[in-house]
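Could you walk me through this structure, stop by stop? I have the viewer open and would like to know what to select and what I will find there.

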Amino acid sequence: MERWREAGSAAVAEAIAERLASDVEGNSIYLLMNPEGRRLAGNLDRWPQGVPAGTDWAFDTVQRDGLTTEARLNVMELGNGYRLAVGRDVTEKQRLRDLLAEGIAWSAFAALIFAVTGAAVLRRALEQRLLPAAQTAEAIAAGDLSHRVPLSARNDEFDRLGRSMNTMLDRIDRLMEGIRGVSDSIAHDLRTPIARARAKLEEAVVGPDDPETLRAAMERGITDLDNITRVFEALLRIAEAEAGARRAAFAQTDLTPVLADVAEFYGAVAESRGQVLETDLPPVLETVGDRDLLAQAAGNLIDNALKFTPEGGHVRLTARALPRERIEIVVEDSGPGLAPEDRARAGTRFFRADSSRATPGSGLGLSLVRAVARLHGGDLLLEDAPQELRGSPGLRATIRLGSA
Amino acid sequence: MRILLVEDDAEVARFVRKGLQEAGHNVEHAANGRDGLFLAASEQFDILVLDRMLPGGVDGVRLVETLRGQGNRTPVLFLSALSAVDERVKGLKAGGDDYLVKPFAFAELLARVEALGRRPTVEAPATKLKIADLEMDLLSRTVTRGGKRLEIQPREFRLLEHLMRHAGQVVTRTMLLEKVWDYHFDPQTNVIDVHVSRLRQKVDKGFDKPLIHTVRNAGYMIRAEG
């Protein structure tokens with residue numbers, strides 16, 4: 001415009017030629033027309049018809065060097081019939097935009113494909129990893145408790161899940177076993193004394209009417225019933241301990257006085273049989289547990305030791321704290337000990353070693369000890385006692401209590 | 001003693017009632033919790049013997065809680081088929097004074113009923129217990145018989161004290177186990193007998209008249225005349 005005012009159409013034409021020459025990309029569009037409609041300068045073949053004069057930047061299709069292209073144009077009247085069109089070829093841009101749009105569409109499509117296949121693969125992988133757990137759960141729901149979730153070596157969250165499932169299943173299995181054990185025991189070992197008591201009473205009814213005999217038979221019957229009740233109580237207590245139902249009664253307890261009391265309690269028995277019951281207890285032995293059950297467990301061990309140790313024998317009760325809040329209660333005796341093959345079975349309900357058939361007892365003592373130890377996060381260990389307790393190998397029973 | 005028995009099982013009720021009556025007690029019986037509560041609240045009894053589980057919407061524990069809520073301090077003995085320790089604790093917490101698990105020997109029930117019933121209602125802080133020439137000083141924790149001091153260990157002292165506090169009454173082995181040792185399990189062996197016989201050695205040996213007597217099929221009793 002300035003050139004026009006200063007120097008007229010020739011100068012404009014010159015400026016246009018200059019600009020076109022310096023335009024490397026070749027996108028610039030110029031066209032200067034004289035009033036007769038003749039091209040004075042510029043690179044358009046024809047005056048763009050679609051763009052009215054005075055509009056700012058409109059799109060139109062123009063003829064440029066014999067080619068039809070898209071352009072953005074600004075058309076102005078310079079006066080005296082001279083017209084100037086200035087613009088920019090946007091074909092490249094258009095093409096670029098199309099290319100971009102296409103690219104985006106394709107990549108979106110590709111992303112979608114990837115997402116769908118990825119999800120499918122992931123889902124498959126998840127299913128694959130969870131399949132064993134699901135199969136195990138199904139098998140268990142169907143009633144077969146022996147199944148366990150197979151674990152991989154990866155030790156990832158699935159393995160952790162599997163492991164906790166397995167722990168849970170082990171626990172359930174143990175409880176089921178306990179229930180089965182109790183019902184088996186009830187079936188086997190309560191039936192026998194019940195049958196015996198029944199037989200005796202029946203015999204008394206049909207027997208001679210001698211009041212003395214009758215009375216004796218009835219008394220024996222009552223004794224039998226009392227024994228049945230005791231066995232029953234013991235079984236219930238074991239079941240209670242095994243089921244963990246007694247954990248509600250757990251409290252902070254100092255085991256030393258508890259054990260000292262038990263030792264004193266059974267000490268009288270030892271004394272009456274000419275046995276020696278020694279104790280070696282720390283001044284304080286704090287733990288969390290059920291006082292009554294722990295006393296009973298220690299009592300059962302001492303009672304066993306005293307029963308199987310001959311007159312003049314030694315029984316020793318020791319307890320000590322182990323690292324990590326674990327506690328060990330040991331009862332050693334100078335008795336005949338247990339044969340290795342019996343050791344594994346001792347602690348199962350009603351097991352009685354052949355050598356002990358003559359001694360009184362229900363065969364439930366060690367079961368209870370084991371159940372109590374397990375309730376307190378520990379276990380019962382049976383081994384040969386050290387020789388220092390004189391004589392025969394003897395038995396050493398250890399209750400380990402974990403930090404329950 | 002006037003005893004209220006609240007028990008829904010007719011056979012057990014009949015048996016307990018008959019036994020207590022034969023022992024010279026006056027027994028009222030209610031077959032359900034509501035009747036039992038009504039009787040217990042409206043009449044005077046020396047002891048209540050309650051089944052833990054009762055029909056009629058009011059079980060043994062509720063019954064005791066209600067009575068205690070009204071300030072009724074009549075001693076209560078629970079009879080229960082529930083042997084779990086929690087259940088015992090629940091019963092005693094509710095205000096029960098003793099807890100006996102079914103099945104029980106009648107001698108056990110009778111001993112416990114009499115121990116509860118004759119318990120002094122106001123705990124007189126007696127400092128001395130005396131049976132014939134046997135004297136127990138609760139403050140200095142010494143025991144003498146015929147003026148001669150007896151060497152008695154702390155646990156034996158408690159055992160003897162329990163027997164003497166219930167002089168003339170049968171004290172069963174289970175009662176001793178519970179009251180003297182605070183054990184609620186079966187010790188498997190006749191440990192209590194061993195302890196009593198040891199105590200007997202100290203108390204009765206060398207004296208004309210034995211004081212500690214064995215009651216057949218029941219337990220022990222300390223009394224002056226043989």
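Here is a tour that goes from one whole chain to the contact between chains, and then to some single residues. Please keep in mind that this is a predicted model.

**Stop 1: chain A as a whole**

Start by colouring chain A by secondary structure. You will find nine helices and twelve strands. The chain has 404 residues, and 41% of them are buried. If you look at its contacts between residues at least 6 apart in sequence, 59% join residues at least 24 apart.

**Stop 2: the contact between the chains**

Now show both chains and select the residues where they touch. Chain A brings 29 residues to the contact and chain B brings 24. On the chain B side, pick B:Tyr183, B:Phe185 and B:Gln188: these lose the most area to chain A, and together they account for 27% of what that side buries. The area buried between the two chains is about 2,300 Å², with 47% of it coming from carbon and sulfur atoms.

Next, turn on side chains across the interface. The rule finds six salt bridges between chain B and chain A. To see one of them, select A:Asp261 and B:Arg155, whose side chains meet at 3.0 Å, N to O. There are also eleven residue pairs in polar contact across this interface, counting pairs with both residues at pLDDT 80 or more.

Which helices of chain B each supply at least two residues of the side that touches chain A? Select helix H4 (85-93) and helix H8 (191-204) of chain B, and you have them. H8(B) gives the most to that side, with five residues. Colour the chain B side by class and you get twelve nonpolar, six polar and six charged residues.

**Stop 3: B:Asp51**

Zoom in on B:Asp51, which sits in strand E3 (residues 47-51) of chain B. An unreviewed UniProt entry lists this residue for "modified residue: 4-aspartylphosphate". Is B:Asp51 buried or exposed? Its relative accessibility is 5%, so B:Asp51 counts as buried. To see what surrounds it, leave aside neighbours within four places in sequence and show B:Val6, B:Glu7, B:Asp8, B:Gly60, B:Leu79, B:Ser80 and B:Lys102, with which B:Asp51 is in contact.

**Stop 4: B:His166**

Stay in chain B and move to the loop between helix H6 (154-165) and strand E10 (171-172), where B:His166 is placed. B:His166 has a relative accessible area of 13% and is therefore buried. Draw a distance from a polar atom of its side chain to the backbone oxygen of B:His162, and you should read 3.1 Å. Not counting residues up to four places away in sequence, B:His166 touches B:Ala115 and B:Val171.

**Stop 5: A:Thr318**

Back in chain A, select strand E9 (residues 314-322) and find A:Thr318 within it. With a relative accessible area of 16%, A:Thr318 is buried. Beyond its neighbours within four places in sequence, the residues in contact with A:Thr318 are A:Asp280, A:Leu281, A:Glu328, A:Ile329 and A:Val330.

**Stop 6: A:Arg46**

For the last stop, go to the loop between strand E2 (39-42) and strand E3 (58-64) of chain A and select A:Arg46. Its relative accessibility is 54%, so A:Arg46 counts as exposed. Show A:Leu31 and A:Gln63 as well, since A:Arg46 touches both, not counting residues up to four places away in sequence. Finally, add A:Arg64: it is 18 residues from A:Arg46 in sequence, with the two C-alpha atoms 7.8 Å apart in space.

How values were computed. Residues are numbered from 1 along each chain as its sequence is written. Chains are lettered from A and ligands numbered from 1 in the order in which they are written. This is a predicted model: local features need pLDDT of at least 70, side-chain atom pairs count only at pLDDT 80 or more; totals for chains, interfaces and linings use all residues. Side-chain values use heavy atoms; hydrogens and water are left out. Contact means heavy atoms within 4.5 Å. Buried area is the accessible area (1.4 Å probe) that two parts lose on being put together, summed over both. A salt bridge is a side-chain nitrogen of Lys or Arg within 4 Å of a carboxyl oxygen of Asp or Glu. A polar contact is a pair of N or O atoms within 3.5 Å; within protein, one must be able to donate a hydrogen and the other to accept it, and residues adjacent in sequence count only if both atoms are side-chain atoms. Helices (H or I, at least four residues) and strands (E, at least two) are DSSP runs, numbered from the N terminus. Ala, Val, Leu, Ile, Met, Phe, Trp, Tyr, Cys and Pro count as nonpolar, Asp, Glu, Lys and Arg as charged, and the others, Gly among them, as polar. UniProt positions are given in the numbering used here, feature names are shortened, and annotations may be inferred rather than shown by experiment. Buried means under 20% relative accessible area, exposed over 50%, partly exposed in between (1.4 Å probe, protein chains only).
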